[in-house]
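The following report describes selected helices, their packing and a few individual residues. It starts once the sequence and the coordinates have been shown.

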Amino acid sequence: MYRTKLSRSSNLIFPAPLAIGEIKKGSPESIIMVEEENYMLVTPKEGKDIVHDLEVLIESIGLIGNYRVTQRKECQSLVRRVKMLCLVLEEIKEINAPLLGSSHASLCNLRRALLSTKKLLRTCAESSKIYLALECEAIMNMFHAVNAKLSQALDDLPYDDLQISDEVREQIELMGAQLKRAKRRTDTQDMELAMDMMVVFNKDDDRNADIAMIERLAKKLELHTIDDLKTETKAVRRLAKDKRAEDNLENIIDVLNKFKQIAGLEETNVLEDCPIYKAPEPIKSPNTEIPQEFLCPITLEIMTDPVIVATGQTYERESIQKWLDSNHRTCPKTGQTLAHLSLAPNYALKNLIMQWCEKKKIQVSKRSTDDDQKSMNENHETSCAEQKERVLSLIQDLSCSNVEEQKDAAHKIRLLSKESPENRILIAETDGIPPLVQLLKYSSDPKVKEHAVTALLNLSIDCTNKKLISDEEAIPGIIDVLKNGNVGAKENAAATLFSLSMLDENKVTIGLCDGIPALVDLLTNGTVRGKRDAATALFNLSLNYMNKARAIEAGIINPLLNLLDDTELAMIDEALSILLLLVSHPLGRQQIGQLSFIQTLVQIMGDPDATPKNKEGAAAILYELGLNGGSSFLLAALQFGVYEFLVDITQSGTNRGQRKAYSILQLMRQYEQIP
């Protein structure tokens, strides 16, 4: 870029050029150079080029779209603000005179900020949904940094030199003020997802209640259709090349495969260079390209018995029947709810496939004949009718006066409800939930109550059943079993409350019905399994602000401290996750900020046997104490030797742990506690 030096006075003498390090602040040379920079001009072409670049950049940002659910709100808000900059560019284009060098430099700085914005938005649109959920806090830190860059770039714009109207200037300055006020979102969503993952990967629990958790995760992340899962698999493959994701890659793949199981699909090796649903090699030769419409959208295998569902999509009969038998009522390809479950043979497509296979000399094994399928359907209908009759009989026995018959019926329904999704739906549809709730309230037999509460636990795996159970006012009865039942009943009652608390309205109900003190008691005095059930339920309930106070008043802090001290229980992560929720409440900070507690957090961060995840959780709590409680907490931590542990975590901790440790060190410097 060629620039012309101008001066206010024709006799102004410029000194010889100086290196940057040679210019002293306030010296005559520095003053002259500042004046010189302000009066440098750029060519009209350069001025038009930078404005054009900014216009193209803003337009490309607006076209990204399809943001992942976890950051969608932030992305849309950021794009909306960026588009407002078009008002500035429109007015700059009306300037006929060349731009001053300082104006051009400010626009270049704005371009750099917009490039950072575009990079972040593309990450939120194209990266793995599971990864973005796990790294939610890191992404929010990136938004914070981008907001700061944009805000600074807007502050530096020379509005007068660029001849920006007062009206546009006011709008842009208002946007800059909004960017400055934009704060990082609380960790609640990130923590909730993290706890969900923790429960999903718990290998010690042989119950299948965590299916509900997987279903909730899949729906939250919008990963419950075949197309969603195929797109996510491609994103995870790209993620495998990113070193920043190494810590979480195995967990991400495990979660993805669990989502596939819920969708009625088989697990695959995500990192293999093959399609997500790999077709058997005998179907096609290397030189034969199978028409896309001949492949089943579920298995990607060539269809031998294509059928049409209510949405008009065609699938292989065996594949879609398996999907429907797994309690799905949506079209796998479109995600639309099916108006009916009838399957219509697609004879036209079947004939085309047969002709094509004959022409290409491709042998495709026939899965089943129409007669075979008819027989299978008849057997299935007979089996369903017999099962329904059996369930109805058992439900009637629940209401009989004989305790032994009640016990036997409740036990059998407990087992049936554990077997399959179909049974859970059948029991609910035949009004099996009300008599189970009545047994909780009025039966005097501990074993009957145990069977009843466990049956409700299994039934609550189905999301629709959660609402049905709570509508029957079952929660007070479940809490009564939690308080007074036998050991197994208490454990399963806690697990049931956890399952039901996935509905926000149930979080409130459980808190109002005094369920939290009973869970705290189980956390204190229960078996290992009972303590785990209580911890997961208390975490979920503490997502509600009022329940945080209830848990603290019920004495939850000391049992959590005991879990931190008892390494044999292996519940340090669970305890730290709950404490991280409670520390956001003033009552929680008051108790967690005790010297003995801070010393425990520091010991975890410095313990060579503690896992990186443990250290991350301890650092996160200390950061919240320092951020919201003041310097006294950090000073106490320094007295216990936390500084060297924080430095170590910044170098060798998890990604999130490194960020937390670095943030604590920054806070300490702000409070002037460390050099």
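The buried residues of helix H27 pack against helix H24 (515–525), H25, H28, helix H29 (586–592) and helix H30 (595–606). In H27 itself, which covers residues 557–565, the buried residues are Ile557, Pro559, Leu560, Leu561, Leu563 and Leu564. This description, like everything that follows, rests on a predicted model. The protein chain has 34 helices and 3 strands, and buried residues make up 49% of its 675 residues. Of the contacts in the protein chain with a separation of 6 or more, 70% are accounted for by residues 24 or more positions apart.

Two of the helices that pack against the buried residues of H27, namely H25 and H28, also pack against each other, with axes that come within 10 Å and cross at roughly 25°. Because this angle is under 35 degrees, H25 counts as roughly parallel to H28. The crossing of the two helices is left-handed, and the residues of their contact divide into 5 nonpolar, 1 polar and 2 charged. On the side of H25, the residues involved are Arg532, Ala535, Leu538 and Phe539, and these meet Glu574, Ser577, Ile578 and Leu581 in H28. In the loop between H27 and H28 lies Ala570, whose phi is near 55°, a positive value in a residue other than glycine.

A second helix with a list of buried residues is H21 (residues 475–484), in which Ile475, Gly477, Ile478, Ile479, Val481 and Leu482 are buried. The cover over these residues includes H18, H19, H22, helix H23 (504–512) and H24. H24 is also among the helices against which the buried residues of H27 pack.

Two packed helices are described by the angle between their axes and the distance between the axes. The table sets out these values for the two pairs treated here.

| Helix pair | Angle between axes | Distance between axes | Crossing |
|---|---|---|---|
| H19 (residues 446–459) and H22 (residues 487–500) | about 25° | 9 Å | left-handed |
| H25 (residues 528–541) and H28 (residues 572–582) | roughly 25° | within 10 Å | left-handed |

H19 and H22, both of which belong to the cover of H21, pack at an angle of about 25° with their axes 9 Å apart, and that angle makes H19 roughly parallel to H22. Glu450, Val453, Thr454, Leu456 and Leu457 in H19 meet Gly488, Ala489, Asn492, Ala493, Ala495 and Thr496 in H22, and the residues of this contact divide into 6 nonpolar, 4 polar and 1 charged.

Which residues does Glu450 contact, once its neighbours within four places in sequence are left aside? They are Arg414, Asn486, Gly488 and Ala489, and two of these, Gly488 and Ala489, are among the residues of H22 in the helix contact just described. Glu450 counts as buried because its relative accessibility is 9%, which falls under the cut-off of 20%. Its side chain makes a polar contact with the side chain of Lys447, at 3.1 Å.

Leu440, in helix H18 (residues 433–442), is likewise buried, since its relative accessibility is 1%. Not counting residues up to four places away in sequence, Leu440 touches Lys449, Ala452, Val453, Leu456, Ala474, Gly477, Ile478, Asp480 and Val481. Val453 and Leu456 are also among the residues with which H19 meets H22, while Gly477, Ile478 and Val481 are among the buried residues of H21. Leu440 and Gly477 are 37 residues apart in sequence, yet their C-alpha atoms are 5.3 Å apart in space.

Ahead of H18, the loop between helix H17 (421–429) and H18 contains Asp431, which has a positive phi of about 60° although it is not a glycine. Most residues other than glycine have a negative phi. Asp431 counts as exposed because its relative accessibility is 53%.

A last residue is Leu627, found in helix H31 (residues 612–629). With a relative accessible area of 38%, Leu627 is partly exposed. The C-alpha atoms of Leu627 and Leu667, which are 40 residues apart along the chain, are separated by 7.4 Å.

How values were computed. Residues are numbered from 1 along each chain as its sequence is written. This is a predicted model: local features need pLDDT of at least 70, side-chain atom pairs count only at pLDDT 80 or more; totals for chains, interfaces and linings use all residues. Side-chain values use heavy atoms; hydrogens and water are left out. Helices (H or I, at least four residues) and strands (E, at least two) are DSSP runs, numbered from the N terminus. Buried means under 20% relative accessible area, exposed over 50%, partly exposed in between (1.4 Å probe, protein chains only). A polar contact is a pair of N or O atoms within 3.5 Å; within protein, one must be able to donate a hydrogen and the other to accept it, and residues adjacent in sequence count only if both atoms are side-chain atoms. Contact means heavy atoms within 4.5 Å. Axes are lines fitted to C-alpha atoms, for helices over the stretch in contact, and angles run from 0 to 180 degrees between N-to-C directions. Angles under 35 degrees count as roughly parallel, over 145 as roughly antiparallel, 65 to 115 as roughly perpendicular and the rest as oblique. A crossing is left-handed if the near helix is turned anticlockwise from the far one by less than a right angle, and right-handed if clockwise. Ala, Val, Leu, Ile, Met, Phe, Trp, Tyr, Cys and Pro count as nonpolar, Asp, Glu, Lys and Arg as charged, and the others, Gly among them, as polar.
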